[in-house]
Amino acid sequence: MTNVTTLETTSPLPNLSATVQDYLSLIYVLERDKEPVIGAHLAELLGVTPPTVTNTLKRMTRDGLITMTKDGTHLTEAGWNAARTVMTRHMLMEWMMLRTLPWSKLHGEAHQLEHAISALTESALMEQLGHPQTCPHGNPLPGCEAAVAQWIPLTKLGTSQQGTIRRIHEMAEENAPLLDFLEKRRLVPGTLVTVTEILPFNQTISLEVSGQSVTLGYTAARYIFVETGA
């Protein structure tokens, strides 16, 4: 049993609303991947209006979580620390529910719970789960980015090449119907796939998966990362 008296109980999320935590996690992923933080993109991902995003970003700037300059929107040190905590708790919630829920449902359910767990629970789960480096979808816990660095997007494979799926990117996790599709067709971490056809004119890639043929558009395929063994 975990000795809770030795675990960290402080949290870098004092008085941060669930909404702000959602913004922090998305901005974290974009900055980690060196993608620009654009208000219209955040609005699309969060399902809110651009003016709502603008107002929230202004409050986050006021609270010292981000900076907004001509060079773009960026997390401050306080913002990074808070975002890393949100991401870690989300991923730990996914692992906790893995034996109970379908893989495709983990992200959505974890999103409902991540805001409620304490620093004590976070530390206990991290220890009990053996300090995982990735979430069940293969995305790296904060600080573990090196663990996924060698995996490449499915779109980088050529015809007849094989790869083992290792990661479904966070941006794909935001699309619940896509996760359901991937699970039903066994396009999940650990599955070996073979590229059978690439059609650049309509941006599709066809795969052989466990003896079955599956076709994906580039938009989805670029968020699926594989290990080639090369």
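**Close-up 1. Where helix α2 meets helix α3 in this predicted model.** On the α2 side, the residues taking part are Gly 39, Leu 42 and Ala 43. Their partners in α3 are Pro 50, Val 53 and Leu 57. Sort the residues of this contact by chemistry and you get 5 nonpolar, 1 polar and no charged.

**Close-up 2. How α2 and α3 cross.** Here you can follow α2 through residues 39-46 and α3 through residues 50-62. Their axes lie 8 Å apart and make an angle of about 110 degrees. Are the two helices roughly parallel or roughly perpendicular? Angles from 65 to 115 degrees count as roughly perpendicular, so that is the label for α2 and α3.

**Close-up 3. The length of α3 and what comes after it.** Try a quick check with a ruler: at 1.5 Å a residue, the 13 residues of α3 should span 18 Å. The C-alpha atoms at its ends are indeed 18 Å apart, so the expected span and the model agree. Just past the helix sits Gly 64, with a positive phi of about 80 degrees.

**Close-up 4. The two sides of α3.** Which residues of α3 are buried? They are Val 53, Thr 56, Leu 57 and Met 60. Look down the helix axis and these buried residues fall within an arc of 100 degrees, so they line one face. Here's the handy rule behind such patterns: an α-helix has 3.6 residues a turn, so residues three or four places apart point the same way. Now check the face turned away from the buried side: the exposed residues Pro 51, Lys 58 and Arg 62 are there. As for the buried residues, their cover includes α1 (18-32), α2 and β1 (66-69).

**Close-up 5. The buried side of helix α5.** In α5, which runs over residues 106-113, the buried residues are Leu 106, His 107 and Ala 110. Why say they share a side? They cover an arc of only 90 degrees around the axis, and that puts them on the same side of α5. Among the elements covering them are α4 (77-97), α7 (170-173) and α8 (176-184).

**Close-up 6. Helix α6 against α4.** Helix α6 takes in residues 119-128. Buried here are Ala 119, Glu 122, Ser 123, Ala 124, Leu 125 and Met 126. What do these buried residues pack against? Their neighbour is α4. After α6 comes Gly 130, and its phi is positive, near 80 degrees.

Note on methods:
Residues are numbered from 1 along each chain as its sequence is written. This is a predicted model: local features need pLDDT of at least 70, side-chain atom pairs count only at pLDDT 80 or more; totals for chains, interfaces and linings use all residues. Side-chain values use heavy atoms; hydrogens and water are left out. Axes are lines fitted to C-alpha atoms, for helices over the stretch in contact, and angles run from 0 to 180 degrees between N-to-C directions. Helices (H or I, at least four residues) and strands (E, at least two) are DSSP runs, numbered from the N terminus. Angles under 35 degrees count as roughly parallel, over 145 as roughly antiparallel, 65 to 115 as roughly perpendicular and the rest as oblique. Contact means heavy atoms within 4.5 Å. Ala, Val, Leu, Ile, Met, Phe, Trp, Tyr, Cys and Pro count as nonpolar, Asp, Glu, Lys and Arg as charged, and the others, Gly among them, as polar. The expected span of a helix is 1.5 Å times one less than its number of residues. Buried means under 20% relative accessible area, exposed over 50%, partly exposed in between (1.4 Å probe, protein chains only). The arc is that of the directions from the helix axis to the C-beta atoms.
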